[in-house]
Amino acid sequence: MSSVFGLLGRPTRGELDARRAQRVTRVLELVERFVYDLGLLIAGDPVDLDGYVEATSARRLGDAVRPALVGGAPTRPDFGEYAQVRIEGDLLDQSAPVRTVVEFDDRSRLVGETGSTPVHARRRVRLHLLLDPGISRVLDHRIERAA
């Protein structure tokens with residue numbers, strides 16, 4: 001019966017699964033880009049967020065990182081090899097923003113004057129991202145310490 005619905009314009013189960021998989025891939029690519037650029041910002045490297053992060057959100061992220069950079073001690077970011085990514089809501093609803101929660105361990109280190117790298121206690125970080133319905137831009141973000 002699904003082939004009849006496919007002929008009438010309703011997507012088949014296979015088409016829905018393919019669309020969902022494509023959108024999940026796009027979410028993961030955008031999340032990875034944002035987290036990578038966050039690490040670059042923390043390290044004091046230049047980052048071009050303008051192409052994919054809403055201007056107010058990009059400015060807020062830069063403002064949050066700037067005080068740590070002014071302190072003088074460079075940071076060597078280390079967010080670990082793995083993260084948990086949770087996509088909230090109906091991923092197939094292409095008219096609504098996509099809410100994503102990313103959790104990872106932050107093992108970043110400050111590089112001291114002698115070149116040593118004292119290790120900070122490992123922190124679990126939760127990153128909330130609001131992506132546009134087309135999954136091409138970060139509309140908003142919030143970073144917090146996970147419990």
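**Exercise 1. Work out where Ile135 sits in this predicted model and what stands out about its backbone.**

Let's start with location: Ile135 belongs to the loop that links E5 and E6. Next, look at the backbone: phi of Ile135 is near 55°, a positive value in a residue other than glycine. Finally, check the side of accessibility. Buried means under 20% relative accessible area, and Ile135 has 5%, so Ile135 counts as buried.

**Exercise 2. Find the strand order of the open sheet of 4 strands, and explain which strands stand at its edges.**

Step one is the order, which reads E2-E3-E5-E6, with antiparallel pairing. Step two is to look for strands with a single partner: these are E2 (83–88) and E6 (138–145), so each has one side without a neighbour in the sheet. Step three adds the geometry: on average, neighbouring strands here are turned by 15° against each other, direction ignored.

Now zoom in on one pair. Strands E3 (residues 98–106) and E5 (residues 123–131) are joined in the antiparallel sense over 9 bridges. To place yourself in this pair, take Phe104, whose bridge partner in E5 is Val125.

**Exercise 3. Determine which helix packs on this sheet and how its direction relates to that of E5.**

The helix to pick is H2 (residues 13–43), which touches E2, E3, E5 and E6. Its direction makes about 125° with that of E5.

**Exercise 4. Describe the chain as a whole, beginning with its helices and strands.**

Count first: the chain has 3 helices and 6 strands. Along the sequence they follow the pattern α-α-α-β-β-β-β-β-β. Then turn to burial: of the 147 residues, 29% are buried.

How values were computed. Residues are numbered from 1 along each chain as its sequence is written. This is a predicted model: local features need pLDDT of at least 70, side-chain atom pairs count only at pLDDT 80 or more; totals for chains, interfaces and linings use all residues. Side-chain values use heavy atoms; hydrogens and water are left out. Two strands pair if DSSP finds at least two bridges between them. Helices (H or I, at least four residues) and strands (E, at least two) are DSSP runs, numbered from the N terminus. Axes are lines fitted to C-alpha atoms, for helices over the stretch in contact, and angles run from 0 to 180 degrees between N-to-C directions. Contact means heavy atoms within 4.5 Å. Buried means under 20% relative accessible area, exposed over 50%, partly exposed in between (1.4 Å probe, protein chains only).
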